[in-house]
Structure formats: C-alpha cells, structure tokens
Amino acid sequence: MPRFTVHVRDEWLTVPCKDASYSINWLGVEALKRYAKNKPDNGGIPNIKDVRFVARRCQGQGLLDGDDTIEDVLEDNDFVELEIEGDTMSSDFIPSQPGMSYLYPYETSYYILYGNSLCSTDLVNLGRGRYKIKLTPEAEKKVEQSRELLDTIVKEKKVVYGITTGFGKFARTVIPISKLKELQENLIRSHSAGLGSPLSPERTRMLLALRINVLAKGYSGISLETLHTMIQAFNASCLSFVPEKGTVGASGDLAPLSHLALGLMGEGKMWSPKSGWADAKYVLEAHGLRPISLKPKEGLALINGTQMITSLGAEAVERAESVARQADIIAALTLEVLKGTTKAFDSDIHELRPHLGQKEVALRFRSLLDSDHHPSEIAESHRFCDRVQDAYTMRCCPQVHGIVNDTIAFVRNIINTEINSATDNPMVFAERGETISGGNFHGEYPAKALDYLAIGVHELASISERRIERLCNPSLSELPAFLVNEGGLNSGFMIAHCTAAALVSENKVLCHPSSVDSLSTSAATEDHVSMGGWAARKALRVIEHVEQVLAIELLAACQGIEFLRPLRTTTPLEKVYDLVRSVVKPWIKDRFMSADIEAVHRLLVDQKVWNVAKPYIEKYCTELLPESRPTSPTAFSLEPPPSPRKRVRLE
C-alpha cells in the first residue's frame with residue numbers, strides 16, 4: 001500500500017493510500033482529518049469540508065492539481081506540503097532547493113575511503129554526487145579495534161575525558177555509566193546552536209563525506225555500525241540542516257557538526273532529492289534508514305574536528321585554481337584588444353626571476369599569443385607602432401597572476417593534509433591501548449591558509465577591474481567610450497565597470513583575515529580559537545566576486561573585438577570569443593546586462609573558457625624544445641598536482 005508524508009502547519013503526517021487512483025484533493029482532506037484529530041481544538045478547523053488548500057510536492061515545490069490522481073503525479077513515499085488558505089507558510093518549512101536532481105549518485109560508482117586517500121578535487125566531486133562511498137576492510141578493522149578499546153574503558157569504569165566525563169568546563173565531572181548514552185545525545189542537542197541559512201546540499205555532502213573519511217582513520221572510537229549508517233545516509237543524500245554560522249574553529253566546528261549529527265539521530269531537519277526539506281526522522285524512514293543510537297564517546301567523535309572549515313576550503317581551492325588559469329586567458333584577450341605587446345612574456349625575462357607561478361603564467365600568455373604558432377591579424381596591424389611597453393595591468397600579469405598560482409598551490413597542500421588528518425579529541429590509539437588528549441581539533445592551519453587564499457585570489461579581480469577601465473576609457477583603448485556606438489544615447493559598459501569596482505571594493509573588506517581574531521569560549525577552557533569557519537565562508541565569497549569581475553572583463557574584451565573586425569585574433573582566443581558569443585550577443589545598443597554577466601560567469605564556473613583554450617596551451621607546451629621545457633614536474637602543470645596518497649575507486 002503506498003503512503004505519503006504530508007506537512008500540515010507544524011505537523012508531519014503519514015497518510016496511507018489504499019487506492020492510488022484517488023485524487024490529490026482526497027489526500028489533502030485525509031491529511032487534514034488526521035491533523036485535526038491530533039489537536040484538542042481540531043487545529044482551529046471547524047469543518048474540514050470547507051477548508052481550501054493548495055498542495056505542493058516538496059521536491060521542486062511543484063503545485064499539484066487537486067483533480068489529478070495520486071498515481072499520475074506522486075511516487076510512493078513522496079513528501080507533500082499542504083498550504084491552507086489564509087495561513088502563512090509553516091514557519092518550520094524550508095523550501096526545497098531547485099535544480100538538485102544531479103545529486104543522485106551514480107548507481108555503481110564508488111569512492112573507497114580509508115582516511116588517507118582523499119584530496120580536494122575528489123571531495124568536491126563527492127559533494128556533487130559523482131560517487132557513493134565504501135570503506136576498505138582495513139579501515140573497518142581499525143575502526144573496530146578502537147571501538148573495542150573504548151568499550152573496555154567503559155566496562156572498567158575508567159575516568160577518561162569525553163567518554164565517562166562531561167565536556168569543556170565539565171571535564172572533571174564524572175558521569176554514571178547509566179547516563180553515558182544520554183550524555184552523548186545531550187552533547188549533540190545542546191551544541192546544535194548554529195544560525196543562518198543551511199549549507200547547500202553539495203556542501204553538506206562534502207561535510208558528511210569528510211567526517212566519514214576522518215572517522216575511517218580509526219582514531220575516534222566510533223562504532224562500525226554508526227559509521228555504516230553515516231555512509232548509507234551519504235549514499236542516499238539524506239543531508240542534515242547545517243546552518244552556516246556558529247563555529248569559532250576550535251574545539252573544531254562544534255555547532256555545524258552537531259547539526260550534521262542531529263539529523264542522523266532523527267532530529268531536526270533533513271533534505272534529500274526525494275523529499276526536499278522535512279523532519280529528519282521521516283526523511284530517514286523514507287530511505288529505509290534508522291536514526292543512529294549513540295554509544296559512549298560517539299557524540300564527541302561526530303563533532304570534534306575541522307571538517308566544515310576544510311570542506312568549504314576544498315571548494316575554495318578548486319574554484320580558485322579554476323578562475324586563476326582562466327584569468328590568464330581573459331587577460332590575454334584584453335591585451336589583444338588593447339593592442340599590447342607580447343615582449344614582456346619572453347621566457348628569458350622570467351628565467352631571471354624564476355618563481356614557478358610567474359613562469360607558468362608567462363608560458364600561458366605565449367601559448368595563446370605567440371605569432372609563430374597563432375598568427376593574429378590584430379597583432380600584425382600594430383606591429384610597427386611606436387609603443388614601447390604596456391601598462392602594468394597587462395605587462396605585469398605574470399608577476400601578479402603568478403603569485404596567485406603559487407598561493408593556491410600552498411593552500412592546496414595544507415587543505416589536502418587537513419582532509420586526511422585525525423582531528424578528534426581524545427585520540428584513541430588501539431595499538432597502544434590508551435586514549436590521549438591533544439589539540440588536533442584547532443583550526444588554525446586551514447584558517448590561516450584560507451585567509452591567505454582570499455588575499456591572493458582577490459588580486460585577480462583588482463587587476464582585472466583596472467583592465468576593464470582601460471577597455472571602457474576611449475583615451476586608453478582607442479575604442480568607443482564604454483564599448484558602444486552612439487554614446488550618450490547608449491551607456492554601454494559604464495555601469496558594468498561600476499559593478500566590477502564595487503565587487504573589488506567589497507573584497508578589500510572581506511580580505512581582512514578572520515584568523516587574526518580570537519575570543520575565549522567555554523569558560524576560558526577554550527581560550528584561543530581560529531575563527532576558521534568565517535575564513536572559509538568569506539574566501540568563497542571573495543572567489544565568487546573574482547569570477548564575476550573576470551566575467552565582466554571577458555564580456556568587455558569580446559565587445560572590444562567587435563570594433564576591430566574584420567581583423568581576427570589568434571586561433572585559441574577566437575575560440576574563446578566564439579564560446580562567449582554562443583551565450584551572449586554583441587552589444588549593439590543598450591539592453592538588460594545582468595543576464596549577460598551571469599551567463600558568462602557560468603562559463604567560468606563550469607571551466608568552459610579553460611576547456612576551449614586548454615588544447616592549444618597543451619600543444620604549445622609539447623612543442624617546446626626539450627631544453628626549454630621546465631625541469632620542475634609541477635612548474636607548468638595544466639592540472640592540479642596529484643595527491644601524494646593513493647586514491648582508489650571501485651567501478
């Protein structure tokens with residue numbers, strides 16, 4: 001018999017349906033009957049037949065026609081929201097986020113975790129739903145061994161922090177064995193004190209995957225049963241409501257990880273592609289899962305660590321690298337439009353200051369602009385001009401963009417180390433037969449790294465905004481003012497440049513390091529904290545602004561090309577131009593511009609600009625003479641450096 005979960009005001013009601021040919025109106029009335037039956041005053045509904053309502057499917061919030069049959073529009077175990085006419089939307093109803101269907105994992109593709117194999121690239125892919133998770137037998141054995149030690153500690157009534165004692169200021173309070181389960185449950189409930197919007201499903205998947213990875217190392221004392229339940233929830237994309245605010249980054253990300261655990265306990269809210277947002281117990285039940293039942297120390301094992309800082313940091317590193325290499329392509333196109341010279345990218349210049357990032361950027365510029373490989377009619381048109389050198393915003397791209405690349409490489413190394421680190425407290429050493437309290441939960445490493453990342457990547461927007469000014473200013477570009485004909489009647493890119501300037505200015509504030517701050521918490525037992533959660537969140541915001549500023553520059557450069565026609569630029573840059581024109585038309589007269597900026601921003605986020613230019617960059621690099629090729633294996637890498645740890649996947 002099919003059944004459905006219906007949300008009426010503040011209640012979730014299970015409604016069985018004997019006949020799927022019944023209508024949506026029948027389902028709504030049946031839910032209202034059950035709702036009124038549970039209320040002493042019938043829920044303020046004197047006559048159910050007179051109630052008018054609207055039904056929505058939670059997933060996607062699609063309106064349901066009352067006359068449609070249930071079997072035509074719903075699936076078994078679907079979730080439905082009932083809006084009673086005259087009511088406001090239930091205060092605890094969180095609309096399902098649209099466009100998340102791609103979060104369904106592939107049916108047979110697994111990523112094998114054992115606590116040492118994960119890198120930022122794979123973590124982001126796990127967040128996007130490209131893999132399910134399995135543990136190695138070796139990891140399962142280590143988990144079981146550390147759990148056996150904890151069970152022995154409890155059986156022998158030893159006093160150990162977080163296992164048989166309270167937490168923080170209450171570390172000296174010994175808890176009776178009969179209340180150890182309640183101790184762990186209370187820990188999760190009391191620490192679920194975060195605020196703000198929930199993390200997106202992708203970011204929550206990353207957070208859950210990373211916590212599983214850390215627990216799989218076998219130093220936290222989690223039971224294999226609980227860990228398997230977490231993996232099952234991940235594989236079904238049953239994702240807890242995790243507010244983005246509330247962590248100070250030591251003792252770990254307590255608030256967000258508590259919210260993550262709360263949903264797994266069947267409390268609070270959860271999201272899945274099938275249900276949208278609903279009460280956690282109903283989401284778990286709809287996927288055939290049971291809430292976890294916490295054993296001694298398991299609550300602490302679930303929440304003590306830097307996984308929110310690190311998972312958001314992994315996304316920040318991946319997006320930063322993506323936008324940094326595309327920034328080189330966009331700047332090269334701008335240089336062509338402004339009729340700049342390529343002499344500043346001569347390899348001999350950069351060998352005299354051999355920073356790896358600087359050399360890499362100069363190589364990319366040469367690969368896109370080298371006239372021997374890619375003749376440019378635009379470049380040929382000003383070959384014999386009297387200009388000796390260009391402004392810094394073009395001439396110094398290798399020096400400015402280069403340090404961004406080196407910054408990203410530095411931060412990536414820290415994030416990948418953190419991803420595979422045990423950050424619990426106390427640590428359970430089964431082989432030594434003891435637990436040891438330490439401070440691996442402190443988030444200073446990723447916090448400092450992500451503050452550094454924001455500062456570094458911001459410079460791409462800062463220099464890009466100056467190039468936009470040169471494109472729009474006729475005294476600097478020799479192009480029509482603001483890149484539009486009939487200036488005055490049309491304003492062209494005037495305010496697009498203002499938007500870029502506003503984003504750069506906002507970034508200047510966001511680049512103030514959060515990790516220079518610390519506030520003592522937990523009655524001075526946690527008297528120095530990292531503020532890493534805010535470091536990660538604002539790094540992502542800075543990177544998004546950088547992407548948007550570069551999208552405006554790319555639009556402006558392509559518009560500049562229109563005024564240089566019929567001359568053509570190099571082949572790879574013509575391909576980039578064609579890509580942009582596939583989503584945005586040339587600017588003939590003023591029109592709504594935000595949609596154009598957003599369309600090109602999406603090209604950058606999806607790395608389509610890089611994918612168009614990459615084959616030409618690779619071909620140029622392979623054609624270098626052997627003695628001219630870089631000696632460092634990572635100097636001119638086109639892809640992120642591989643993780644030093646073995647990665648294993650089972651298809």
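A residue counts as exposed when its relative accessible area is over 50%, as buried when that area is under 20%, and as partly exposed in between. The model discussed here is predicted.

Q: Why is Lys157 called exposed?
A: The relative accessible area of Lys157 is 62%. The cut-off for exposed is over 50%, and therefore Lys157 falls in the exposed class.

Q: Where does Lys157 lie, and what is notable about its phi?
A: Lys157 belongs to the loop between α4 and α5 (180-191). Its phi is near 60°, a positive value in a residue other than glycine.

Q: What makes Gln607 partly exposed?
A: Gln607 has a relative accessibility of 24%. Partly exposed covers what is neither under 20% nor over 50%, so Gln607 is placed in that class. The residue is located in the loop between α22 (594-605) and α23 (608-622), and its phi, near 60°, is positive although the residue is not glycine.

Q: Why is Arg56 called partly exposed, and which residues is Arg56 in contact with?
A: With a relative accessible area of 22%, Arg56 lies between the 20% and 50% cut-offs, and therefore counts as partly exposed. Arg56 is part of strand β3. Beyond its neighbours within four places in sequence, Arg56 is in contact with Gln61, Gly62, Leu63, Leu64, Phe79, Val80, Glu81 and Glu83. By contrast, Ser475 is 419 residues away along the chain, and the C-alpha atoms of Arg56 and Ser475 are separated by 57 Å.

Q: How do you know that Ala447 is buried?
A: The relative accessibility of Ala447 is 0%. Buried requires a value under 20%, so Ala447 meets the criterion. Ala447 sits in helix α17 (residues 444-472). Apart from its neighbours within four places in sequence, the residue is in contact with Ile309, Ser515, Ser530, Gly532 and Ala535. Cys397 is 50 residues from Ala447 in sequence, and their C-alpha atoms are 28 Å apart in space.

Q: What makes Thr334 buried, and which residues is Thr334 in contact with?
A: Thr334 has 0% relative accessibility. The limit for buried is under 20%, and therefore Thr334 counts as buried. Its position is in helix α11 (residues 307-337). With neighbours within four places in sequence left aside, Thr334 is in contact with Arg467, Leu471, Glu553 and Ala557.

Q: Why is the packing of α4 on α7 called oblique?
A: Helix α4 (residues 137-155) and helix α7 (residues 224-235) pack at an angle of about 135°, and their axes are 9 Å apart. Roughly perpendicular spans 65 to 115 degrees, and roughly antiparallel needs over 145. The angle between these two helices fits neither class, so α4 is oblique to α7.

Q: Which residues of α4 meet α7, and into what classes do the contact residues divide?
A: From α4 come Glu140, Val143 and Glu144, which meet Leu224, Leu227 and His228 of α7. The residues of this contact divide into 3 nonpolar, 1 polar and 2 charged.

Q: What is the order of the strands in the open sheet, and why do β2 and β4 count as its edges?
A: The open sheet consists of 5 strands in the order β2-β1-β5-β3-β4, with mixed pairing. Strands β2 (11-16) and β4 (63-64) each have a single partner strand, so one side of each lacks a neighbour in the sheet.

Q: How do you know that β1 pairs with β2, and which residue stands opposite Val6?
A: Pairing requires at least two bridges between strands. Strand β1 (residues 3-8) is joined to β2 by 6 bridges, and the two run antiparallel; the pairing criterion is therefore met. Val6 stands opposite Leu13 in β2.

Q: Which helix packs on the sheet?
A: Helix α1 (residues 24-37) packs on the sheet and touches β1, β2, β3 (53-57), β4 and β5 (79-84). The direction of α1 makes about 125° with that of β2.

Q: Which residues does the UniProt domain annotation cover?
A: The unreviewed UniProt entry gives "domain: Par3/HAL N-terminal" for residues 5-79. Over these residues the chain is 24% helix and 24% strand, and the end C-alpha atoms are 5 Å apart.

Q: Where is Pro426, and what is the omega of the cis peptide bond from Asn425?
A: Pro426 is in the loop between α16 (397-419) and β13 (427-429). The peptide bond from Asn425 to Pro426 is cis, with omega near -5°.

Technical notes:
Residues numbered from 1 in each chain as written. Predicted model: local features only at pLDDT ≥ 70, side-chain atom pairs only at ≥ 80, totals over all residues. Heavy atoms only, no water. Axes fitted to C-alpha atoms, helices over the stretch in contact; angles between N-to-C directions. Helix = DSSP H or I, 4+ residues; strand = E, 2+ residues; numbered from the N terminus. Parallel < 35°, antiparallel > 145°, perpendicular 65-115°, else oblique. Contact = heavy atoms within 4.5 Å. Nonpolar A, V, L, I, M, F, W, Y, C, P; charged D, E, K, R; others polar. UniProt positions renumbered as here; feature names shortened; annotations may be inferred. Buried < 20%, exposed > 50% of the residue type's maximum accessible area, 1.4 Å probe, protein only.
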